Amino acid sequence: MTLLFDAALVVVLLGLAAWVVLARNAFAAVAAFIAYGLLLTLAWLQLHGIDIALTEAAIGGGLTGALLIGAVIRLRTAPPAAPATSMTLALAAIAAATTTAVLAACVLALPDPAPTLAPLVADNIAVTGVENAITAVLLAFRSMDTLLEAIVLLFALVGAWSLGADSAWPGRPGFAQSAPPNGILAYLARILPPIGLVIGVYIFWTGADNPGGKFQGATILAAIWLLTMAAGLTDAPRVGSRWLRAALVAGPLGFIAVGVFGSYSAGAFLALPPEAAKPLILAIEIALMPTLTLILALLLPGPPQRTSS
Amino acid sequence: MTTPSGWLLVAAVLLPFIGMMVGLVAGGRHAARVAALVIVAGLAIAFATARTVLDASQVYLLGGWAPPLGVALRADGLAAAMMVVVAAVIAGIGLYARRDFATPPGVTEARAPLAFWLLLLAVWGSLNLVFVSGDLFTLYVGLELLTFAGVPLVCLDGRGETLRAALRYLLFALLGSLLYLLGAVLIYGAYATLDIEMLAHLVQPGIVTWTVLALMTVGLLAKTALFPLHIWLPPAHAGAPAAASAVLSALVVKGSWFLVVRLWFDVMPAVVTFDAAQLLGGLGAAAIVFGSIVALRQKRLKLLVAYSTIAQIGYLFLMFPLAFDIATGAMLHGDALTGGLLQAASHATAKAGMFMAAGLIYAALGHDRIADLGGVARALPVTVLAFAVAGLALMGLVPSGAYLAKKLLLGAAASSEQWWWTAVLQGGAAFTAGYVVLVLTRALRSLPAPLQLATKVSRLSEFSALGLALLSLLLGVAAVVPAAGLPAGLISNPLAPKELLPTLLVVAGGFALAATLARRPLFGDGPWRRLMTAAGTGFENADALLRRWPTASLALIILAAAFGWLLHTGNPA
Amino acid sequence: MAEFLTGAACFILLVVAVGLVRLLRGPGDADRLMAVQLLGTGSIALVLLIGVVSASPALIDVALTLALLAAFAGVALVRASTTRRPPDNSQ
Amino acid sequence: MSALLDLWTVVLVSAGAVFYLAGTVGLLRFPDALTRLHALTKADNLGLGLVVLGLVPQVGGVIIGIKLVAVWLLVMVSGACVAQLIARLVRHGSDPAP
Amino acid sequence: MNDTLLYGLTACALIGLGVFGLIANPAPLRKILAFNIAGSGVFLLAGAVARRGAAAGFGGDPVLQALLITGIVVAFSATALAVALVLRLNAVTGDVTLAEPPAEPTDDND
């Protein structure tokens with residue numbers, strides 16, 4: 001029965017993906033992509049990746065969808081690109097089919113039983129003081145990747161900002177939103193944030209021992225903030241704002257500071273002394289949370305567009 | 001185990017990142033100052049790392065966790081050498097850009113200068129990460145960092161065509177990273193580790209590893225812009241501001257190239273086959289011919305230099321077939337690898353100097369039409385000298401690094417009995433000579449009246465371009481340093497007949513190519529020139545075709561298939 | 001019980017998947033969005049069903065996240081469609 | 001007791017599934033966007049509500065049960081608001097005059 | 001046919017679909033979508049690989065699952081940067097196409 005569900009899910013996923021790629025109408029493709037993201041969340045659950053499902057739900061269901069919808073509507077006025085020739089289509093189909101076939105052969109050739117690091121994680125997780133293995137990997141065993149991930153996000157934001165017009169520097173990103181203050185959007189933007197705040201902080205807090213964590217929590221908070229921006233209740237901060245910039249780097253710098261502390265107290269950069277491992281992991285997460293929230297939210301409106309509000 | 005000086009690797013990666021973050025907060029003029037401080041400190045770290053690596057390779061286990069659970073940073077000679085080169089080039093570019101990217105007076109902060117200094121540091125930290133990371137996934141993150149830092153550099157001036165170039169670059173690079181990540185996932189599925197050193201012992205030839213090596217290699221080639229995957233390079237490198245072009249052309253492409261080296265030499269040396277190495281070298285040879293000829297056909301100096309970068313990238317791949325050891329059927333660390341590394345170092349320095357000189361010429365004249373370069377040598381002697389020195393260094397004249405590299409590669413070709421690479425190595429220099437000769441003959445032509453310059457160029461910029469070019473020209477002196485561990489007798493008297501003859505042949509070949517292929521005749525017309533010009537137009541058309549998106553992305557898949565097939569057929573498994 | 005709930009999950013999945021025909025046909029943006037909206041509520045039900053079947057209460061957090069962000073695509077569409085861009089301040 | 005609770009679950013979840021079916025049928029068969037919207041919002045909120053109520057006895061915990069119901073309430077609130085927004089979009093065309 | 005194989009093969013097909021879109025669809029925004037489809041295929045493949053590595057009481061290899069989360073974040077930031085570039089290109093030039101405009105004919109006989 002479960003396999004039947006899996007099979008049905010896979011068929012719908014493939015159909016939606018094909019529609020995303022092949023649809024004529026760009027908006028239809030984006031809408032299908034959002035639906036695809038929702039179903040992908042289910043696939044992660046079936047693969048026992050609850051943390052990934054949470055990430056996918058927050059990113060795929062929330063931020064990416066909003067980003068792409070905004071873009072596709074704005075690009076409606078652009079003249080369409082010349083369609084691909086049938087020669088290109090045929091060759092692309094052959095290339096895609098070959099890729100799939102070779103990869104499928106590789107998947108079938110993967111060793112059985114599969115090699116895994118799970119036992120190694122199980123042996124060492126006690127030292128970290130957290131119970132969620134994913135959090136242990138992300139903030140203890142491979143915390144460098146997490147630090148770099150925060151820096152990747154920062155690079156993307158600086159890169160997006162650098163695309164702005166000189167005349168708008170250092171102004172506010174996005175266009176001014178002026179929804180009617182008593183409209184339905186403003187209503188939604190007033191009742192969802194408190195709930196979202198609770199859920200976001202809860203997902204973050206429970207992440208030490210259960211699925212969840214700073215990243216998923218930050219995504220939820222970012223989405224909520226964007227909602228209030230869309231309703232005109234709040235405005236994006238000026239990119240020149242000193243406090244904004246300080247908040248953007250506080251997370252990674254705090255992370256590095258904890259890492260340096262580790263090199264004195266535990267003998268290696270990013271090491272966590274066993275007795276203080278859990279508090280330090282929480283400290284890193286708390287430092288990263290506001291930074292990630294700000295970056296994730298500000299990646300959507302993009303470069304500064306206006307010098308005044 | 002972590003080595004005593006291993007912390008230097010952490011510092012080398014994090015210092016530029018910290019500098020970038022501090023620069024962002026400080027903002028405005030302070031960003032350039034922070035960058036200057038970081039450059040000084042970073043140079044010291046790079047040299048200190050190189051100094052310690054001479055004694056022993058350095059390792060740092062991040063968080064004290066050993067692979068496969070944790071991530072290790074490692075620096076061998078290869079990584080340390082690249083770190084030093086990058087630090088030197090960054091320093092040169094930093095000096096050069098002081099004037100171009102100064103915050104204008106009366107403004108607290110301007111967009112382009114702030115972005116440039118932040119991105120310069122971002123590129124640096126990402127490159128150091130790529131050099132020292134010992135984990136395939138951390139390397140993936142490093143590659144993405146490098147892309148995200150490189151793309152905005154392309155369109156700093158915000159013009160439509162540079163935005164388009166940046167978008168092409170980003171999309172093609174993302175396609176490349178996707179293939180790389182796919183390879184990393186498959187290899188994890190097969191071996192449950194991503195640590196380079198552990199994989200080196202575990203990896204066995206088989207369908208998974210063939211596919212992995214093919215996918216990762218081609219993905220990285222797309223980011224390196226090796227012919228025929230150079231779709232994004234010419235408009236991106238030619239359209240960016242000169243300092244940014246220097247960063248992109250001299251440094252950013254070296255990151256993904258370095259990873260190909262790591263993969264082929266350190267992660268999967270035993271999976272590589274003779275045929276696959278020949279294909280990689282063959283692409284390099286094709287890049288040299290193709291890039292040089294199309295460079296000769298350009299009307300604008302910056303595009304010429306951009307196409308010459310395609311040729312120079314080709315050089316970097318010639319060492320792969322020469323390092324393949326037929327007896328053991330694996331890639332060997334040896335003279336060929338050293339040669340390739342030297343080539344990367346000399347290209348990085350010379351290419352940066354060349355782009356910087358081209359940028360100065362553009363700024364001074366207000367244009368960079370090659371046909372109208374007359375008189376510029378008198379107006380900007382130092383700049384033209386920098387261009388000439390960089391050109392000579394790229395041609396491989398004694399005692400340049402490229403000369404030394406050529407010597408080492410020729411030796412490797414002779415000892416592995418692959419004579420055809422000898423021909424490529426000798427002939428390639430003539431192609432390089434072609435466009436250098438073309439530019440210099442135009443620039444050295446004198447005009448009846450002195451040129452009216454659009455702006456005065458900065459002395460500091462001129463001399464930093466010259467400095468980097470000279471560094472490249474004098475890199476061959478490294479052979480005399482015993483610590484470099486190079487075979488003795490590589491540098492000989494440049495005026496001895498054995499050395500002089502090839503040099504003269506190279507220059508003569510360059511003249512012949514420039515005379516027959518340049519858009520405007522150098523010495524007059526003739527049937528021979530008409531034939532060559534027609535061929536040149538053919539190359540240009542081929543280039544336009546190859547740089548169309550569908551062609552380039554199809555070429556990517558076809559190349560992946562070709563590599564996979566050659567790895568498969570060459571292995572008796 | 002698990003069998004029944006899995007069966008119900010299959011049924012709901014198929015039903016909302018059929019609803020996606022509206023996504024293909026349109027004709028308007030709103031119609032397409034409605035199909036996504038139906039799929040969104042459907043997936044929340046599916047997450048809850050899977051959570052009960054596999055006895056992992058953490059899945060409710062996933063459902064909570066989906067529920068919280070369910071309005072997001074709709075809001076983005078409405079905002080993007082009704083925001084008038086300033087004439088041109090881009091150059 | 002347990003059998004009774006199971007029966008409760010079976011009945012309510014089945015009813016919820018039927019409402020999803022109704023929502024899909026409405027979405028596909030109704031003639032224009034506003035009527036489709038009308039059918040959709042009723043059906044999917046009720047469908048989810050019935051599924052949630054049906055599942056409550058199965059989760060074994062008051063807190064979890066409350067969270068379950070909270071999911072439904074959240075969907076109802078945001079679903080109603082989005083329906084309003086979409087309706088306005090449909091009525092005014094995709095680009096209403098300000 | 002077990003579930004990891006099913007999802008693994010689906011992932012391969014998704015990557016193929018994404019590659020097709022990346023090659024064949026001329027509009028940059030659609031390429032970004034295709035990139036995301038192919039990317040999710042890679043992630044799904046990783047998810048299947050991680051599920052194969054379930055051991056020691058974990059439902060999947062936690063190391064690979066953690067890497068996946070990082071990968072999803074990186075892919076999102078790539079998407080955001082690419083979208084920002086497309087929108088900016090559209091704002092400056094009024095169109096969105098990757099093809100280079102033909103060279104200006106004025107200096108063609110240079």
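Helices and strands are DSSP runs, a helix having at least four residues and a strand at least two. The exercises below apply this to a predicted model.

**Exercise 1. State how many helices and strands chain A has, and in which order they run.**

Solution. Counting the runs in chain A gives eleven helices and two strands. Reading from the N terminus on, the order is α-α-α-α-α-α-α-β-α-α-α-α-β. To place these elements in space, take the C-alpha atoms of chain A along the principal axes, where they fill a box of roughly 60 × 60 × 35 Å. Of the 309 residues in chain A, 63% are buried. Finally, consider contacts in chain A with a separation of 6 or more: residues 24 or more positions apart account for 73% of them.

**Exercise 2. Describe how chain A is divided into domains and what lies where the two domains touch.**

Solution. Begin with the bounds, which set domain 1 of chain A at 1-115 and domain 2 of chain A at 122-309. The C-alpha centres of these two domains of chain A are 27 Å apart. Next, look at the contacts, in which ten residues of domain 1 of chain A meet 14 residues of domain 2 of chain A. Sorting the residues on the domain 1 side by class gives seven nonpolar, two polar and one charged.

**Exercise 3. Find which pair of chains has the most contacts, and work out the make-up of the side of chain E that touches chain A.**

Solution. Among the seven pairs of chains that touch, the most contacts are between chains A and E. In this pair, 67 residues of chain E are in contact with 76 residues of chain A. On the side of chain E that touches chain A, at least two residues come from each of α1 (3-24), α2 (28-52) and α3 (62-93) of chain E. The element that gives the most to that side is α3(E), with 22 residues. By class, the side of chain E that touches chain A consists of 42 nonpolar, 18 polar and seven charged residues. For contrast, consider two pairs that do not touch: the nearest C-alpha atoms of chain B and chain C are 9 Å apart, and those of chain B and chain D are 28 Å apart.

**Exercise 4. Compare the end-to-end spans of helices α5 and α11 of chain B with the expected values, and explain why each helix is called largely enclosed.**

Solution. Helix α5 (residues 136-154) of chain B has 19 residues, which at 1.5 Å a residue should span 27 Å, and its end C-alpha atoms are indeed 27 Å apart. For burial, the cut-off is 20 or more other C-beta atoms within 10 Å of a residue's own. Because 19 of the 19 residues of α5(B) are buried, α5(B) is largely enclosed by the rest of the structure.

Turn now to helix α11 (residues 274-296) of chain B, which has 23 residues and reaches 33 Å from its first C-alpha to its last, close to the 33 Å expected. Here 18 of the 23 residues are buried, so α11(B) is also largely enclosed by the rest of the structure.

**Exercise 5. Set the UniProt "transmembrane region" annotations of chains D and E beside the modelled secondary structure.**

Solution. In an unreviewed entry, UniProt lists residues 6-28, 48-66 and 72-90 of chain D under this name. Over residues 6-28 of chain D, the model is 100% helix and 0% strand, with end C-alpha atoms 33 Å apart. Residues 72-90 of chain D are likewise 100% helix and 0% strand, and their end C-alpha atoms are 26 Å apart.

For chain E, the unreviewed UniProt entry lists residues 6-25, 32-51 and 63-87. Residues 32-51 of chain E are 100% helix and 0% strand, their end C-alpha atoms being 28 Å apart. Residues 63-87 of chain E are also 100% helix and 0% strand, and the end C-alpha atoms of that span lie 36 Å apart.

**Exercise 6. Judge the predictor's confidence in chains A and E, and locate where pLDDT stays under 50 in chain E.**

Solution. Start from the whole model, which scores ipTM 0.94 and pTM 0.94. Chain A has a mean pLDDT of 89, with 97% of its residues at 70 or more. Among the elements of chain A, the lowest mean pLDDT (85) belongs to strand β2 (residues 304-306) and the highest (94) to helix α7 (residues 143-161). Chain E averages a pLDDT of 87, and 90% of its residues score at least 70. Among the elements of chain E, α3(E) has the lowest mean pLDDT (92), whereas α2(E) has the highest (94). The span in chain E where pLDDT stays under 50 is residues 104-110, for which the model has five contacts beyond four places in sequence.

Technical notes:
Residues are numbered from 1 along each chain as its sequence is written. Chains are lettered from A and ligands numbered from 1 in the order in which they are written. This is a predicted model: local features need pLDDT of at least 70, side-chain atom pairs count only at pLDDT 80 or more; totals for chains, interfaces and linings use all residues. The expected span of a helix is 1.5 Å times one less than its number of residues. A residue is buried if 20 or more other C-beta atoms lie within 10 Å of its own, exposed if 12 or fewer, and partly exposed in between; C-beta atoms are placed from the backbone. Domain bounds come from an automatic or database domain assignment. Ala, Val, Leu, Ile, Met, Phe, Trp, Tyr, Cys and Pro count as nonpolar, Asp, Glu, Lys and Arg as charged, and the others, Gly among them, as polar. pLDDT is the predictor's confidence in each residue, from 0 to 100. UniProt positions are given in the numbering used here, feature names are shortened, and annotations may be inferred rather than shown by experiment.
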